[in-house]
Amino acid sequence: MTSKDDDHVVIFDTTLRDGEQSPGASMNLSEKLTVAHALAELGVDVIEAGFPIASPGDFEAVREIARQVRGPAIAGLARCNPADIDRAREALKEAERARIHVFLATSPIHREHKLRMSKEEVLLRTEEGVAHAKQYCDDIEFSAEDAARTEPEFLAEVVTRAIAAGATTINVPDTVGYAMPEQFGGLIRYLITNVPNSDRAIFSVHCHNDLGMAVANSLAAVQAGARQVECTINGIGERAGNCSLEEIVMALRTRKDYFDLTTGIDTTHLFPTSQLVSSVTGMAVQRNKAIVGSNAFAHEAGIHQHGVLMHQETYEIMKPEDVGVSSNQLVLGKHSGRHALQAWVKDNGYLLDDGRFQRVFEEFKVLADRKKEIYDADLHALVEGGLNNEDGPWTIETVQTSAGTGSIPTAAVCLRYLDDERRHQEAAHGDGPVEALYRAIERIVGVRAKLKRYQLRSVTRGKDAMGDVSIEVSIDDKTYHGHAASTDIIEASGKAFLNVVNRYLKTKTPQAEEAVPA
Ligand code: KIV
Ligand code: ZN
């Protein structure tokens with residue numbers, strides 16, 4: 001068992017559970033499987049695949065990931081009651097290594113207003129829940145929700161009872177992102193010192209980023225003896241998100257001199273995995289995001305550029321290639337064949353079956369006709385755009401728009417539904433060509449959507465660069481993200497919209513009655 005004296009920090013990824021709870025970040029089954037395979041390639045120790053009782057879709061995703069993904073332990077979340085725990089166990093049955101993750105809130109505010117439980121009841125529920133889960137598997141994690149706002153003495157008592165009942169990992173969440181680094185590190189140190197059986201469990205932390213402290217708090221906890229960090233790719237998660245996986249991993253690696261700790265992460269997969277998650281969730285990565293933002297390794301000031309050319313370490317503490325960034329290299333062209341593309345796909349960690357590869361290859365040929373030079377970023381956009389849209393049911397056949405000063409913008413669109421031979425056509429006008437296009441699509445698919453955000457960005461440089469359209473749309477009061485890329489920005493706009501429509505149609509599954517945790 002990892003103890004505070006060991007130098008391995010367990011990386012527990014919760015992109016598919018807490019990350020998926022970000023507004024609009026919902027993923028369908030095939031997207032979750034793609035992300036889970038990428039996380040296994042990345043080398044995470046634990047994948048939290050979902051909250052099985054929350055919905056049939058969540059259950060199915062945890063079960064499929066447990067069936068198919070090998071390497072990391074697969075965790076399923078459960079509240080501290082037999083029904084939740086039994087459902088998690090059912091979903092995890094076929095995992096190579098399963099972990100049941102049981103949680104119960106412990107802070108006074110949650111005890112009083114949410115649970116309406118006394119301290120004694122919380123202690124009893126903790127024991128019963130952990131013991132119930134322990135019948136099914138050895139690897140049990142217990143989380144004291146809102147631990148950072150819990151009385152430390154009471155928290156120590158809860159943790160002692162959870163370990164006595166069989167918990168092997170004790171997670172200390174800062175559920176509302178309230179803690180400060182020194183204070184949070186102090187709490188972990190206090191628990192490890194004052195819980196009499198603390199040597200029988202790994203201490204873990206799960207920090208939210210409401211005050212921008214999630215990574216700093218997690219690092220302070222690690223210094224105090226925590227040996228598991230819960231985090232998400234790109235830091236996605238409830239509200240302001242969770243501790244960012246790429247930041248925590250690169251901080252430990254880059255400052256090994258300071259922390260003297262290791263993780264099992266293959267850091268060269270960080271950037272591709274970040275791109276993948278951004279693509280399937282439709283949530284763009286902010287340009288100046290540490291480690292994986294598009295500006296993370298860009299030097300603008302002449303003095304910096306000169307310094308880096310003279311000696312990389314003058315202004316760079318990490319090499320772009322260490323995190324899998326390949327600086328816009330020209331990779332393939334019009335004459336590149338199937339083998340070259342296959343090699344690129346493999347090198348970049350994508351798992352495409354034959355059918356998917358064929359579709360990407362056909363799109364690549366079309367792109368190569370439209371665009372002289374094809375860069376790494378173009379290929380990422382192509383493969384991920386394909387992953388986004390190929391599960392349909394709606395796809396675009398043709399789009400035509402007309403717009404100009406003094407004329408009424410109009411759009412005519414032709415869509416296809418699954419493999420149905422029939423074509424569905426509509427035309428509409430609007431304030432601009434994109435609005436006209438979205439109106440025409442709405443008429444065909446019968447969905448009313450409100451566009452909340454529209455962002456267009458160039459994938460690479462040059463007039464023939466692909467345009468990447470990222471949108472946020474509200475349908476039935478729920479937010480969805482969509483994104484797509486093409487050299488034709490109107491086509492990209494249409495595909496991004498259909499990406500949202502398809503996502504909406506697939507996620508219309510019944511949800512659990514109770515609110516899910518942070
Ligand atoms: O933020 C939180 O407290 C959680 C727990 C379920 C770990 O997500
Ligand atoms: Zn959380």
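## Two aspartates in a loop and a nonpolar patch

At 59% relative accessibility, D476 is exposed, because the cut-off for that class is over 50%. The model is predicted. D476 sits in the loop between β15 (467–475) and β16 (478–486). Its backbone stands out too: D476 has a positive phi of about 50°, yet it is not a glycine.

D477 lies in that loop between β15 and β16 as well. Buried or exposed: how does D477 count? D477 is exposed, with a relative accessible area of 79%. Its phi is positive, about 65°, although D477 is not a glycine.

Why do these phi values deserve a mention? Most residues other than glycine have a negative phi.

The two loop residues compare as follows.

| Residue | Phi | Relative accessible area |
|---|---|---|
| D476 | about 50° | 59% |
| D477 | about 65° | 79% |

Now to the nonpolar surface. Which residues make the nonpolar surface patch of about 320 Å²? The patch is made by L451, Y454, L456 and I489. Strand β14 (residues 450–458) gives the largest share of the patch, with three residues.

Y454, one of the patch residues, has its place in strand β14. Its relative accessible area is 32%. Y454 therefore counts as partly exposed, since that value falls between the 20% limit for buried and the 50% limit for exposed.

In short, D476 and D477 are both exposed. Y454 is partly exposed and belongs to the patch of about 320 Å².

How values were computed: Residues are numbered from 1 along each chain as its sequence is written. Chains are lettered from A and ligands numbered from 1 in the order in which they are written. This is a predicted model: local features need pLDDT of at least 70, side-chain atom pairs count only at pLDDT 80 or more; totals for chains, interfaces and linings use all residues. Side-chain values use heavy atoms; hydrogens and water are left out. Helices (H or I, at least four residues) and strands (E, at least two) are DSSP runs, numbered from the N terminus. Buried means under 20% relative accessible area, exposed over 50%, partly exposed in between (1.4 Å probe, protein chains only). Patches are made of residues with over 30% relative accessible area and no salt bridge: like charges are joined within 9 Å, nonpolar side chains (Val, Leu, Ile, Met, Phe, Trp, Tyr) within 5 Å. Accessible areas come from the Shrake-Rupley method with a 1.4 Å probe; for residues, only the protein chains shown count as cover. A salt bridge is a side-chain nitrogen of Lys or Arg within 4 Å of a carboxyl oxygen of Asp or Glu.
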